[in-house]
Every structure is written in C-alpha cells, then in structure tokens.
Amino acid sequence: MDYFAVVLLEILYMIAFLALTSAGLAVVFGMMRVINLAHGEFVMVGGYTTIACYRAGIDLWFAMLVVAPLVVGVLGLIIERLVIRHLYGRMIDTMLATWGLSLLIVGLVTLIFGNSAVSVQAPISSYEIGQYQMGGYNLFIIAVAALLMIVLWLVMRFTRLGLVARGAMQNRDVAASLGYNPGRIYMWTFTVGAALSGLAGGVLAPLTGLLPSVGSSYIAKAFITVITGGAAIITGTLSSSLLFGTVNQIVSFASMPVVGEIAMLTLAIILLRLMPQGITGRFFKNSA
Amino acid sequence: MSISSNFGTGRTNWLGFALATLGLLVAPAVFDVNTMTVLLIWSLFALSLGLMWGYAGILSFGHAAYFGLGAYTFAVASMNIGESTVPLLLAMLIPALLAAVIGAMMFYGRISDVYMGVITLVVTLIMFKFINSTAGDAYRIGDARLGGFNGIPAFPVLNVPGDPELQIYGIGLYYVVAAALLLCYLLCRWVLASWFGRVLIGIRENEARVELLGYSAPLYKTAVFTLCAAMAGLAGCLFASWAEIVTPGLFSLGQSAEVIIFTIVGGLGTLVGPILGAIGLGMLKLLLGEQTLIDNSLLLGAILVLVVLLLPSGIVPTFLRWRQRRGAMLAARSKAGSARRRRRSQGEGA
Amino acid sequence: MSVSRRQFLGSLSSVALGSMLPVADSLAQGAPIKVGSVLDNSGNLDIYGKPMVMATTLAVEEINAAGGLLGRKLQPIQYDTQSDIALYTKFAQQLVRQDKVDVVHGGITSASREAIRQTFTRANTLYFYNVLYEGGVCDRNIVVTGSTPAQAVEPIMDVAMKQWGKKVYILAADYNYGQITAKWIAHYAKERGGSVAKTDFFALDVSDFGSTIAKIQQEKPSFVISALVGGAHMSFYRQWAASGMNKKIPLASTTFGVGNEHLALSPAEGDGILIAGNYSQESTDAANKDFLARWSKRFNDTKIVHEIAVSQYQGIMLWAECVRKAGSLKREDMLKAIESGVSIVGPGGTVTIDPKTHHAALDIKVMEVKNQKLTVKSTVKQRPPLDTARYCDLQKNPKENKQFEVNV
Amino acid sequence: MSDTVVETHDLSVRFGGVHAVNSVNFRLEERELRCLIGPNGAGKSTFFKCLTGQVAVGHNDGRVRIRGQDVTGWRPYDIVRLGVGIKTQTPSVMNGLTVEENLWLSARRVHPREAVRDVVQAVIAQMSLEGIARRQLGELAHGQRQLVEIGIVLAQHPWLILLDEPAAGITHAEADRLVEIIHQVNQKATIVVVDHDMQFVRSLGGRVTVLHQGAVLREGPVDEVLADQKVREVYIGSRAK
C-alpha cells in the first residue's frame, strides 16, 4: 500500500516540477507569443544565484524565494529592453535571438562560476511512509508549485493587472486604444516571466546538480508543456503538466526513466495532432 | 520582396554557378580538404531546409531527425551489406518515408506553424532519446550494434559503386560531396522553376487561395517535406562517410538549431543564402575550436544576437537588396546626368 | 571490411594538384617535437576537459623547462572539440595531415576515442588515451593509461561486500562504459557468492531518479554501486541524500569523484561513499604533494584537479620516458621502448606499461569520501589490466586492431 | 426544364444557439445569374460558404448537391476541382507575386502548358489589367486587387462561379465594367453573386433571392423582388431600428 503512496507522491512531484519549470515560459509565451529559448538558462541562473547567496551566508530560504527571482527578473528586464523589444511580432527572430542569448549566458556563467558542478543540500530532512524513505524537500516543491499556480490564477482572474494583461494578450491594438501602453505591459510581463524562471531555478537548486549547461534539459520539456497546454496560461500549463507528469512517472515506474520520457513525448505529438490549438484551445476555452 | 520576376526566385545565375563549380574544383589546392568537405555537407543540409522553409513556408525545428536517420541508416546498412551503393539509396529513402508519414499527419491535420515546429522538435527528441538508450548488446540490426551514446564507429565508408575495395575518402570524398551539393542546387532550381515549385511558392504566399484554385496544399507540402528529408538524409550519409562514426548527437537539439541558424543567417527565401550561411558559420565554429581562450558558446551566442538585430533578413537578401538599391541609385544618377546633358544640349540648340 | 584501403580519386588528384606533397620527415635537429591534444574544453563535457587541457600545458612546460626531449623543445597543439564528435574527427585529421604531430594525447568519452583511433592508426601517429574506460581496445598504435573496470571494480567489490553484504543493486550510465562495468560488477559479485538484485541503466541526460530510489528501497539491497557519469547524473547522489537513503543503504561508485562530485555535494550528503581509483588529492605520496604544489604555482586552484587530469599528466610523462628510452621518435623505436615495460612515478603512484596490451598497471586506491575529501583506506599496488589481457596480446599478433567485447 | 445545377435541401447551420442558415431549399438552373441579397447578418455569406465548402455542413444539417453530386462536407479544394470558381469576401490573392504570376498559377491547374500563356493574356485583356500585369499584388489598390481576384477565378474557365461581394470597394466605373464582364461570362457559366449594393444588383438583372434571418424571404426577377413590400420593410426595418 505504501508503495502506491510513494508512486503517487512521485507523480505529484513530477507535475509540480513541470508546472514550476514551465510557468515562466507560459507567462511569456501565453501573453506575448514570444518563445524564449533562453528560459532554461534563466532557471539555471536562478539556481546559481541561490547557491552564490547561500555561500555568502544569506539564508537559503530567503535566497531561493526572494533573491533568485529578483536577480533573474532584472536580467530578464535588461534582455527585454536591449533585445526582445525590437523583435515583437517576429516570432522566428525572437526564437533565434533568445537561442543566441542562451549560448551567451552559458558562456558567461562558465566564465564566472567555472564549470565544476555546484549545489546545496536539501534543507528539509527526509520522512518515512511505511518502509519507504521519502525526500521531505519534494513536498516543499509540490507546495510551492501549487501555491504559485493559485496565485497566478487569482492575479489573472480577479485583479485589474490581470485583466489588462489578458486584454493585451488577446489584442495588442485594442489594449493600446484603451490607453494601456503595450510596450510597458510586455516589459513587465517578460520580467515577471523571467522572475518565475528564477524562482523555479532557486527552488530546484537543492535537488539537481547545477552545471552551466543544465539549462538545455529544462527547455525541451517546458516548451512542450506550454505549447501543448495552449493559450490559457494557468489552466493550459496545469492540465498539460498533469497529463505529462502522470504518464512520465507511471511509465518510469513500470520500466525505465528514458522510456517514461519517450512516452511523454509521444503523448505530446498525439495531443498536438488531435487538438491543434493545445488543450485549452478545445477545453476550458475562456479560462485564465 | 521580389528580387526579380520568375516567382521571386530570380533567373538561375548560370555565370555564378560556373564560377562556383570552378571554385570548388580548385579549392583543395588552397584550403584543407577535410574542412571543406564537412562545410559542404553542412551546406547541403542547410540547402534542404532552405528550400522547404524559404520557399514553401514549412518551418521544422527537428530537421536533424532526417540528417541523423540518413547517417544511421547508411552506417547500419553498409555494415551489413558491405557495399555502399544500396546503403546510400536507403539513407535517402528511409528518412523520406518517415517524412512522408509525419508530413502527411501534420499537413492533413492542418496544423499551424508554431505547433508544427513543436511536433518536428518532439520527433527529433524521441529519436535522440531512443538511439541514446541503445547501448545494450540487445540492440543490434544484423551485424551493426547501435551502440547508444557511443554511436557506431568504423563502418565501411562510401566506395566506388560496384567495387567495395575502392573506398572513397579524403580528396575523393570532397569531390563526391561537392558534386552532390551542385546537383542538389540544380535540382532545387529546377523544382522552383517547375509548376510544382510555383504552387509551393503560391502556398507560402497564401495557402487558402491556392486551395481555392483546386490545388491540395497538404499534398504539395508533404511532397516537398519528403524531398527535403531525402536531401537531408543524403547529407547525413555523406557526413557518416566523412566522420566514420555516427552518434546520437546527430539528432540533438543543438544540431537542429545549428542548421536553422545557418539558414536564417544566410538568408531565407534564397538558395545561396543557406549554403553561404553554413560555410561561413561552419568555418567560424571550426576556427573557434582552435583557440581555448574565449568560451565558444559565449562568442557564437553573441554573434547570433547581433545578426538577428542588425541583419534581420539574413546576409544574402540584405546584400541583394543593397545591390538592387545601389543599381537603382546609379540608374537614377545616370538618368539625371543624361537629362542634364539633354537640357544643356537643348539649351544650346534652342 | 578490408583493412587495406586503396584510395580511388585521392592519388590521382593529389598528384595533379600537388596539394599534399609527401613532406620529408622533419627530423632535422632543433625542429620542435609536436605534441597534439583533442579535448572538450567547452560544452557539457568541459568539467572533464578543462582540467585535462591544463594538465597537458603543465606537463609540456615542465618537460621543456628540463631541457625538452632529445635536445628538442616540445610544441603543444591543443584543439577544443566543444563536446561535438564531428570536431573530434575534423581536428584528428588536422593533427595528422597539417600539423603532422609526433604523438596525440586526447579523447574523453569512449565515443570520441573510437571516432579518432582509426585515423591515428592509419597515419601511424602514436595515440595515448588517458581516461578510465570500459577496456578491451587492442591496437598496437594506442597506449591507454586510464584504468579499466577489472582494475578498479574488483578492489571496491572486495571491500564493499566484506563490509556491507552480498546483495548488490547496480546503477550505470547507459553507454558501453556503463554496460561493460555493470557486467564486471556482476561477475565479481557472483565470484564472491553475492547476487545482483537489479541493474538499471540511465541515459546521460536523465536527472530525475525519484522512481529509481523507490525501486531500490523495494529491493532492499545490502549496498548500491553506481557507474553513473556526467552532470545530469549528479542529481542521483543529491536526491539519494535528500531522501535520507545515504543513512540507510551504503553507496559505492566506480566514477564518483572523477568529476569532482565530492566537492559539489555537502559533507552530510557525500560522506561514506566508497570509491576506487588511481588518484586522490589527499594521498600523502611525495610525488602527489610536489605535483599539487607545482599545479597551484601555475594555476593557483588545485580544487579542480581530478583523476583524469592526473591521468593526462601521467600519460604525457610516460610518453616522454618512452622517447628518452627509445632515443628517437621513429615509430619502431618508440614501439620497442613502449613494449620494453617503461614506468614512471606519477601523482597517482607507479604507472607501468604492460607490453602485451599497451595498457597501464596502476596503483588502485580504495577511498572513502569524508567531508569532501577522498581519504585513502587501502591501496592495491600495480594492479594489471586483467580484462583486456584476456583477449589482447599485441606481441603475438601485432596487426590486431579491434575493441573486444568483454563478455563475463 | 433545363437541368438543376446547384441544389440545397433543408440546409441549416447553427453557431451556438444562433440559426445562421435555417433549412434553406435553393435551386439554380444552368447558365442562370442569381443574386443573393439581404440585410447584414441575414446569413448570405454563411450560406455562400456552405456552397464553397468553407463552412463544414454537418451530416444531418441538410444536403448540398452540385450537378447531382452530393458535396455536403467536401473541402473547398474538392469542390473547386468540379469546375467551380470561388471569390471570397476578403480579397484572397498572392501578394508577393505579380498579377501575371497569380493568373498563371490559376490557369495552369486547368489548362495544358502551351495554352496557359494565351488564357492569361485573354483574361488580362478581358479585365483590362494590361497596365498592372507586371506589378506585385501587394502594391495594388483594393479595387484593383478585387478585379485581379475575379480574373484569377475566370482564368480557370469555371462553369459555375460563386462571387462574394465582388463590387465591395471598387469605383462606379469599375463596377459598370464588372457588370459587363459578368454578363459576358454568363453566356457560358452559371453565376451566383452575394452582395448588398442594390444599385449593382439592379444593373446585373437576373433572378434574386432575398435571405432574412437565415431563411428565404422572397425569390424572383430583380425588379419584382425589389418592389415587394415585405422586402422593403426588411431592409428599411433593419436600417430604422
């Protein structure tokens, strides 16, 4: 029976992992139709910031939940002002520019931090379910992911900021005609998206070994999760994370992690083929 | 942006083609043969993407899937058969078959380009993850062990058709690759000038209208997708013969991104663009390899960002537009000049 | 596949274009001896490659400072392959054709070695592969100074099974290193009356081990042994500690520490892991102390020195010793010297070339991780490359050029 | 009685709760010129799109037959291959290509290679497009693009032509010219025109079908229908509201 509980917790962890790592990308893609291929590197920089602060003596929780999102948010702001701003409406050029940026960031981090793996110990001890030892930190990640999704949903649904953001998302010109400056909205959206990626990097730092090149492993899964999720940021990302997380872990338990990942990717193709506009293109049509 | 008439593809510049052929013939005396060979292979790979994306508007994030599949098919087939002619054909046929299936699924499913980009990306990722996990000795096709992350080394390379003993490598391989590139360029030119090619260009311009003319857009797009996959397979097979090893890295995200960068920096909507992009950036990547001071990804990333911001439509189209504008400017000045002369002469005459 | 290759167009056109005139062998006195190297100085494998590039530079500078070899200075020619196999082939050809180097030290993964080995064998350029690997390569043109599974696995299995028990759970990287090492682990376990609960293979980019840790707990092995490789697999050790398993089931590894993983993990997470290898920074031999001093004078950061950086350094020193013994760079003299059993004392202890297999007999240390240090528990002196010796005898058949699949 | 060329049987289309087309029975004879008129939102365009296949008609939402062939649910591409020419409401042309190239692509699908050049020149003459034959469509004015799109349709010599608001955005002179062309083509081809420009419809002549809230209100010769009290109410009524 407790083996079943362990499997369930692992599934929840995977869903949380996918939701967390793709939240930043979902906000940017969902709102601005901009595909940020440097998203993986933003997550990586979030991790490095957390570790650098921890080494400098700053409390790990503070570093992870506050400093990392702030630093990566500022990085996102700079990048948006220097590069992305000139490329709105040109999807392919934005992808190419952000691909260049990701290579640039990997190079910079390698210069600054060198290339040996860095990381920090998980601050929460383990606990037992029956005869199984489980990582306590996984629960923390599930909690953060759930909290993040709820907060984002509330902001989008009920606040004026959310309304304006959704308006700009639907139709940039209409939002402009109502006096909202789309340029400013996009600037803040990209910054928030980057901050979310930083948060994901910070929170995940204690669980994965960090290397400058680790970003590439995040981008593929996040990209597929967001696109399959469809236009609506929260419900889209959540529903695709739910589906992919479950399939990935169940198959991983049944056979091997690599088979789990292949199963997830195959499911992505089937979903995209059946629902060309993504899950929320068909179901929960007008949700946030 | 039509460079000249003829459906925006411009007349085949036969003089330029002859010069290029001559250049390729002489190059081995000047440049290192080995480097030139791999640059031309990357050019052929970029040409296949350039035709599909630049002229038919089909964006594929996973074009490396067919490049890798061509390489692996050749390696496995040549290890089992020993003689390279059939493996060469298989290396084009099997990627074409896969592309036909995936293309039909996507195009008849009327999928928009962003989602098409994702599906093609996912296909490559699946192949990468599968091939990467075939290290166990259970994974073998005939005598060829797939070898997972280590890839398949030391398979018989291309040989002169009919004589397995006469293997082609070094300068011999260079000429075979150069010939393949020139032939494929001519094939692309012929396709674009043909009725089939013009319908493709029509599809890129306005797919709905082309359908309302009674052309089945999905059929045409699947056909060109399959043709380009075969060409990428050929490039993969030549690469396998050059590198004498095939590894899962051929299917990687990096390989797909690289060919996209070559094509865009070179210039979409032209055939020469992707080729020059591949040669230029390919050479840069190799030169970067010879120094260990600056981190390579830093440099390549910086170059990429600058090109996107400063030369958005790629090098070749920018050059062509500049030449066109310069031509127009000269014409204007000469017209003004002759007008002045005429006025002066009338002034004197009147 | 016939080994002899007649080059079809090559001979015809090269005469016509004269681009590759046979250059007289530049043995003129004073011309520098060219030492080539192909390593991943950037990209995913740079955690292994960068320290190896530094080790190469240090070794060449030290030999030059001591007057070079045969009265000639060494000239290093280093290429960065950016973790891309295509560049390995390209730069290997460049080293042979353009630079015409006298020896090559390079290649990190087995894939990169196999991509370039034939090029050097065809061009009769001596090739040193200085990285621990899965064993079995039998080629007169190559010298391997890295350890093979039989050398490192048996000592660690001895100590682990005595200490912890008979039931083993194996985790291995899913490529031929992991596959073959797993076979050797199973072999030595059965030899000592033990049993293998389960063997799991992981592709190099897998970083989520949640389901695996749960399965291990289900099997309840007496200890887990890992042959995981690379940055992504680092997260196994992290998640293993995060779930508190490092207190419940002991862990051994044939590759842990090679990429300085013990420095990345905190003491609480890393302590107790048992590993076996040729080198530990904490070894108290004079050669090691002196080596670290020279390294820190040159690069002032000894933290990044790890097993394969030391192997690269030892490989170059071993090659230099062979040149001194051979008295010339001609291939026959060098092969005679190599097969006369040259040995040196390096930071990892005595390194002796075994004439039959061209592999190195090494001092294997069984070490335990204790607050980010590799404390040596026991040493097995001059452990021979038993696995390759089963199949490979280059003195009996020098024409051999194959990697044997060690089936155990 | 000349045979029926186009026929719809209880055709209806619902978008959510709204009945855009409400079980319409429509018949069209060989070489007839029919105008579909009605106030905005009467379902003219939706009905038109059912004929062209742009709106997928559900299996139990009635039948559409062209020359006896049941084409319900067919894609536009299949319907066009039956020899039907379609001009959509918003001009749909290939902006990056020249007028000649647009016409070439259209003609080539129907005519053999040798005949294409003459067909293209004939259409250019017929539509008096000589001046802009080499210009890119993207650079032309709206009215010109409308005329080129009609040329594109004619280049395939279709026997049935479906035109959705061909007169929208063109000058009076161009409209008169268009009426002439439509009458000329009507000698050999059946034509359906959807429009709400009364002046244009009256000058076209031919029979008229008035659609109101998705159903056929009145059908008959143009003068009779335009004089009908109910039709005027529907038009004035909708405008007065």
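Two residues count as in contact here if their C-beta atoms, placed from the backbone, lie within 7 Å. Keep that cut-off in mind for the tour of this predicted model.

**Stop 1: chains B and C**

Start by showing chains B and C together. Of the 4 pairs of chains that touch, this one has the most contacts. Chain B puts 41 residues into the contact, and chain C puts in 42 residues. To see where the chain B side comes from, select α1 (14–30), α2 (33–56), α5 (113–132), β4 (166–167), α6 (171–193), α10 (272–289) and α11 (296–310) of chain B; each of these elements gives two or more residues to the side that touches chain C. Color that side of chain B by residue class and you should get 17 nonpolar, 18 polar and 6 charged residues.

**Stop 2: pairs that don't touch**

Now bring in chain D. Chains A and D have no contact joining them, and their closest C-alpha atoms lie 14 Å apart. Chains C and D do not touch either, with 40 Å between their nearest C-alpha atoms.

**Stop 3: a loop residue in chain B**

Go back to chain B and pick Glu83(B), in the loop between α3 (64–81) and α4 (85–108). Is Glu83(B) buried or exposed? It has 17 C-beta neighbours inside 10 Å, so it counts as partly exposed. Next, add Asn159(B) and Pro164(B): leaving aside neighbours within four places in sequence, Glu83(B) is in contact with both. Try a distance label to Val160(B) as well; the C-alpha atoms of Glu83(B) and Val160(B) are 8.9 Å apart, while the two residues are 77 apart in sequence.

**Stop 4: a helix pair in chain A**

Over in chain A, select α6 (residues 160–170) and α8 (residues 182–204). Their axes come within 11 Å and cross at roughly 110°, so α6(A) and α8(A) are roughly perpendicular to each other. Show side chains for Val164(A), Ala165(A) and Ala168(A) on α6(A), then Pro182(A), Ile185(A) and Thr189(A) on α8(A); these residues make the contact. By class they divide into 5 nonpolar, 1 polar and no charged.

**Stop 5: one face of a helix in chain C**

Finish on α13 (residues 331–338) of chain C. Which of its residues are buried? They are Met334(C), Leu335(C), Ala337(C) and Ile338(C). Look down the axis of α13(C): the buried residues fall within an arc of 160°, so they line one face of the helix. Then turn on what covers them, including β5 (126–129), β7 (142–144), α12 (307–326) and β14 (349–354) of chain C.

Definitions and conventions: Residues are numbered from 1 along each chain as its sequence is written. Chains are lettered from A and ligands numbered from 1 in the order in which they are written. This is a predicted model: local features need pLDDT of at least 70, side-chain atom pairs count only at pLDDT 80 or more; totals for chains, interfaces and linings use all residues. Helices (H or I, at least four residues) and strands (E, at least two) are DSSP runs, numbered from the N terminus. Ala, Val, Leu, Ile, Met, Phe, Trp, Tyr, Cys and Pro count as nonpolar, Asp, Glu, Lys and Arg as charged, and the others, Gly among them, as polar. A residue is buried if 20 or more other C-beta atoms lie within 10 Å of its own, exposed if 12 or fewer, and partly exposed in between; C-beta atoms are placed from the backbone. The arc is that of the directions from the helix axis to the C-beta atoms. Axes are lines fitted to C-alpha atoms, for helices over the stretch in contact, and angles run from 0 to 180 degrees between N-to-C directions. Angles under 35 degrees count as roughly parallel, over 145 as roughly antiparallel, 65 to 115 as roughly perpendicular and the rest as oblique.
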